Amino acid sequence: MAPSEDSTAMVAAKAGAALMKVVPRLIRGGVPVYPASELAAGHSGTVKVRGILGIDGKLSELVVTQSAGFPGLDDAALATAQRATFSPARTAAGDAIAIPVTMPVRFALEENADNGPPILTRVEAIYPDAERAAGRHGKVEITGTLGEDGKLIDPVVAVSSRAPVLDEAALTAARATVFRVDRNTAGKPVLPSVRLPFSFNSYQSPGPGGGVLRYRCGQFATDQAWWRATWPEKTHDAFYYMIFGLRTIVMMQGEKLDPATLKGNIADFGQRWTKAIDTCREQPDMLFIDVFKPEGDWARRLAGNGL
């Protein structure tokens, strides 16, 4: 039976949440099975399931707090939550504690950005805390051949992040991702090769304006130190190109950039980027956007306008 918000179990879990210092992480499961009847009817939506995450890493006393409007999807979401296994929440002392958890379960036919087969269930890769803390980040691309069950057969790393743990996290997510299998006019399944990209970046996080507005100097300096030690000197990460792209766009609104101006812009940007790394290393608690000017101010204004 599902707990009410004032039940003994839920009250105890809420008290545990106040002590939480280590958040839980999904270990396995959590991949919904799209009910055939709902899929055939074209039904989709997000179901929110609430329950209590115990010290064993399992969810119990589950209830649907937000329905997709289709009973089959709600039931499938409950079944997904029951199968999932998490690392438990922990106190600062490392003790496992029970906490309330709301788990969103999404059912959607997602068009594949790489023009491959549509994705039924995309599983996001987990960015391990230890990898983030060490500054390891970047892009991973996984390729494989689609199987009749909608999953990739023998997926491999086509583009490596140069961080083995991140590559393995991408492989794990790719193996669990489910694609729609189409059939030709003869009724045989069409099983093409598929490319699936994953990104691991500390500056990316949910919320208005994106994670760049909450990107701390200490993490930025750590990320850049790892990148410089791992990649060739003139190779930059996605964050560098994103901020440089913002600068170029803003400048082009005021004037047309000729090749000479653009070259000088690149040189100036690179010098200020290096200086920002040094400053952030010395002042790790500052925000990147408060150090890297004027691009930081532009990013804050764009976020304030809802862009």
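**Entry 1: ground rules**

Contact means heavy atoms within 4.5 Å. I needed that before looking up any neighbours. I am working on a predicted model, where local features need pLDDT of at least 70, side-chain atom pairs count only at pLDDT 80 or more, and totals for chains, interfaces and linings use all residues. Residues are numbered from 1 along each chain as its sequence is written, and side-chain values use heavy atoms, with hydrogens and water left out.

I checked confidence next. pLDDT is the predictor's confidence in each residue, from 0 to 100. The protein chain has a mean of 84, and 86% of its residues reach 70 or more. Helices (H or I, at least four residues) and strands (E, at least two) are DSSP runs, numbered from the N terminus. Confidence is lowest in helix 2 (residues 36-40), with a mean of 70. Helix 6 (residues 217-230) has the highest, at 96. I noted a caution: where pLDDT is low, the predicted coordinates should not be read in detail.

**Entry 2: isoleucine 142 and its core**

I looked up isoleucine 142. Not counting neighbours within four places in sequence, its contacts are Pro155, Val156, Val157, Ala158, Ala170, Leu171, Ala174, Val194, Arg195, Leu196 and Phe198.

Then I turned to the cores. A nonpolar core is a set of buried Ala, Val, Leu, Ile, Met, Phe, Trp, Tyr and Cys residues joined through side-chain atoms within 4.5 Å. Buried means under 20% relative accessible area, exposed over 50%, and partly exposed in between (1.4 Å probe, protein chains only). The largest core has 22 residues. Ile142, Phe179, Phe198 and Phe200 touch the most other members. At least two residues each come from strand 9 (138-146), helix 5 (164-176), strand 12 (193-200) and helix 6. Which of these gives the most to this core? I found that helix 5 does, with seven residues. Another core lies apart from this one. That second core has 21 residues, including Tyr203, Tyr215, Phe269 and Cys280.

**Entry 3: the three-stranded sheet**

Two strands pair if DSSP finds at least two bridges between them. I traced an open sheet of three strands in the order 10-9-12, with antiparallel pairing. Strand 10 (152-159) and strand 12 each have a single partner strand, so one side of each has no neighbour in the sheet. The twist averages 25 degrees from one strand to the next.

I followed one pairing up close. Strand 9 and strand 10 are joined by five bridges in the antiparallel sense. Leucine 146 has leucine 152, in strand 10, as its bridge partner. Helix 5 packs on this sheet and touches strand 9, strand 10 and strand 12. The direction of helix 5 makes about 130 degrees with that of strand 12. For that angle, axes are lines fitted to C-alpha atoms, for helices over the stretch in contact, and angles run from 0 to 180 degrees between N-to-C directions.

**Entry 4: strand 2 and its partners**

Strand 2 (residues 45-53) pairs with strand 7 (residues 99-107) over nine bridges, antiparallel. Glycine 45 faces phenylalanine 107 there. Strand 2 also runs antiparallel to strand 3 (residues 59-66), with five bridges. In that pair, valine 49 stands opposite valine 64. Strands 2 and 3 form a hairpin with five residues between them. In the turn, glycine 57 has a positive phi of about 80 degrees.

**Entry 5: threonine 80**

I picked threonine 80, in helix 3 (residues 71-83). Is threonine 80 buried or exposed? Its relative accessible area is 0%, so threonine 80 is buried. Leaving out residues up to four places away in sequence, threonine 80 touches Gly30, Val31, Pro32, Val33, Met103 and Val105.

**Entry 6: salt bridges**

A salt bridge is a side-chain nitrogen of Lys or Arg within 4 Å of a carboxyl oxygen of Asp or Glu. How many does the structure hold? I found twelve.

Glutamate 295 and arginine 272 meet at 2.7 Å, N to O. The pair links distant parts of the chain, with glutamate 295 in helix 10 (residues 295-304) and arginine 272 in helix 8 (residues 259-282), 23 residues apart. Both are buried.

Arginine 175 and glutamate 168 meet at 3.5 Å, N to O. Arginine 175 has 38% relative accessibility, so it counts as partly exposed. Glutamate 168, at 40%, is also partly exposed.

Arginine 281 bridges to aspartate 278, the closest N and O atoms being 3.0 Å apart. Both lie in helix 8, three residues apart, about one turn of the helix. I also noted a network of salt bridges linking Asp290, Lys293, Asp297 and Arg300.
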